[in-house]
Amino acid sequence: MTSDVGVIIVNWNLPDDTITCARSVLASEGISSQIVVVDNGSTDNSVQRLQSALPQTTMLSLPENVGFAGGINVGLEYLYGKDIEYILLLNNDTFLAPDCMIQLLSALTDDPSVAVAGPLIFYADNPEYVWYLGDRERPLWPVPFSLLRGMRYQDQYKGVLEVDYVSGCAMLVRCSVLKSLDGLNERLFMHYEDADFCWRVREGGWKIVSVPDARMWHKVSTSSRNLGSLVNYYRLRNRVWFYATHRRGFYRVYALFYVLLHEFIRHGYAFLFKGQKTFRLYKKAIEHGISGELGKWND
């Protein structure tokens, strides 16, 4: 089977990762790809490096960082003008197995009710262990649970799995669905735009699946572990917003209580002993998430 698939990769000051990612896409079996690299206002020599190393791709250079969701949407607007039925949204710090894309595509072509397919994602530095396979909601529990997170993969699942969420790290989506839902929510800037998109997909009556036979590897960033960074502001703000928006009644209160308690247990030492800046970011993230004050952080 051969098919033409659009691919969007957003770069921000990581040209080496982006080159590795794009080359793994170009090496995909049975797929003709139209790759769009969106440079999100990089302050290094990314654009020159990428243009030189990846002449087969389309380069869209933005004057400023508009966030992951914004960068993806710029790529979508470009690809909407092409005759493309499926689009792969891809993090630049990943690389794919040669048959990853064809396995994802098969999941969509085999079942017209499936709108989104995600792969089995391993840690790049621990390649037998699962970083992400998919999330499922479960009754009486406020947040979804991840399948096999951190576990060694030993063919625990066979075939295509219906799930409630897949990661924006890699998701193959029907172009018609992306158009109908207006792409990703740019107001989230970064983090939880994938969860919000998956929620809206399911609200529209479409299915989401994970495909264990489609495999890729993710260079999980360590920079976001610094609680004082804005990365963590976006992660917490958008997590609070997601549950404040997509839960109702008792489950809304239950989910928000769980999220805030989980954050305090996880990062309590930093909140208490690393100064006012850390606590201020945490407080602002909660306030903005509940009130819906989204967009790019302006201190």
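Trainee: Why is F250 called exposed in this predicted model?

Mentor: The relative accessible area of F250 is 59%. Exposed means over 50%, so F250 qualifies with its 59%. The residue lies in helix α8, which covers residues 249-273.

Trainee: What makes L140, F250 and Y251 a nonpolar patch?

Mentor: Nonpolar side chains are joined into a patch within 5 Å, provided that each residue has over 30% relative accessible area and no salt bridge. L140, F250 and Y251 form such a patch on the surface, and together they have about 350 Å² of accessible area.

Trainee: Why is helix α6 described as largely enclosed by the rest of the structure?

Mentor: Helix α6 spans residues 193-203, and 8 of its 11 residues are buried, so the description is justified. The buried residues are E193, D194, A195, D196, F197, C198, W199 and V201. Their cover includes the helices α3 (67-80), α5 (175-180) and α7 (230-246), together with the strands β6 (114-123), β11 (170-174) and β12 (207-218). Just after α6, G205 takes a positive phi of about 90°.

Trainee: What makes D16 and R49 a salt bridge?

Mentor: The criterion is a side-chain nitrogen of Lys or Arg within 4 Å of a carboxyl oxygen of Asp or Glu. In the pair D16 and R49, the closest N and O atoms are 2.3 Å apart, so the criterion is met. The pair links distant parts of the chain, with D16 in helix α1 (residues 15-26) and R49 in helix α2 (residues 46-53), 33 residues apart.

Trainee: Are D16 and R49 buried, exposed or partly exposed, and how do you know?

Mentor: Partly exposed is the class between under 20% and over 50%. D16 has a relative accessible area of 47% and is therefore partly exposed; R49, at 31%, is partly exposed as well.

Trainee: Why can R247 and E137 be said to tie together separate parts of the sequence?

Mentor: Their side chains meet in a salt bridge, at 3.0 Å from N to O. R247 lies in the loop between α7 and α8, and E137 in the loop between β8 (135-136) and β9 (145-146), so the pair ties together parts that are 110 residues apart in sequence. With a relative accessible area of 8%, R247 is buried, whereas E137 counts as partly exposed at 24%.

Trainee: What is the sequence separation between E287 and K283, and where do they lie?

Mentor: Both residues lie in helix α9 (residues 276-291), 4 residues apart, about one turn of the helix. E287 and K283 form a salt bridge whose closest N and O atoms are 2.6 Å apart. E287 is partly exposed at 33% relative accessibility, and K283 is partly exposed at 41%.

Trainee: How do you know that the radius of gyration of the protein chain agrees with a compact globule?

Mentor: For 299 residues, a compact globule would have a radius of gyration near 19 Å; the protein chain has 19 Å, so the two agree. Along its principal axes, the C-alpha trace spans about 55 × 45 × 40 Å. Buried residues make up 54% of the 299 residues.

Trainee: What pLDDT does the protein chain have, and where is it below 50?

Mentor: The chain averages a pLDDT of 91, and 93% of the residues score at least 70. Over residues 222-228 the pLDDT is below 50; this stretch has 14 contacts in the model beyond near neighbours in sequence.

Note on methods. Residues are numbered from 1 along each chain as its sequence is written. This is a predicted model: local features need pLDDT of at least 70, side-chain atom pairs count only at pLDDT 80 or more; totals for chains, interfaces and linings use all residues. Side-chain values use heavy atoms; hydrogens and water are left out. pLDDT is the predictor's confidence in each residue, from 0 to 100. Contact means heavy atoms within 4.5 Å. Patches are made of residues with over 30% relative accessible area and no salt bridge: like charges are joined within 9 Å, nonpolar side chains (Val, Leu, Ile, Met, Phe, Trp, Tyr) within 5 Å. Accessible areas come from the Shrake-Rupley method with a 1.4 Å probe; for residues, only the protein chains shown count as cover. Helices (H or I, at least four residues) and strands (E, at least two) are DSSP runs, numbered from the N terminus. Buried means under 20% relative accessible area, exposed over 50%, partly exposed in between (1.4 Å probe, protein chains only). The radius of gyration is taken over C-alpha atoms; the globule rule is 2.2 Å times the number of residues to the power 0.38.
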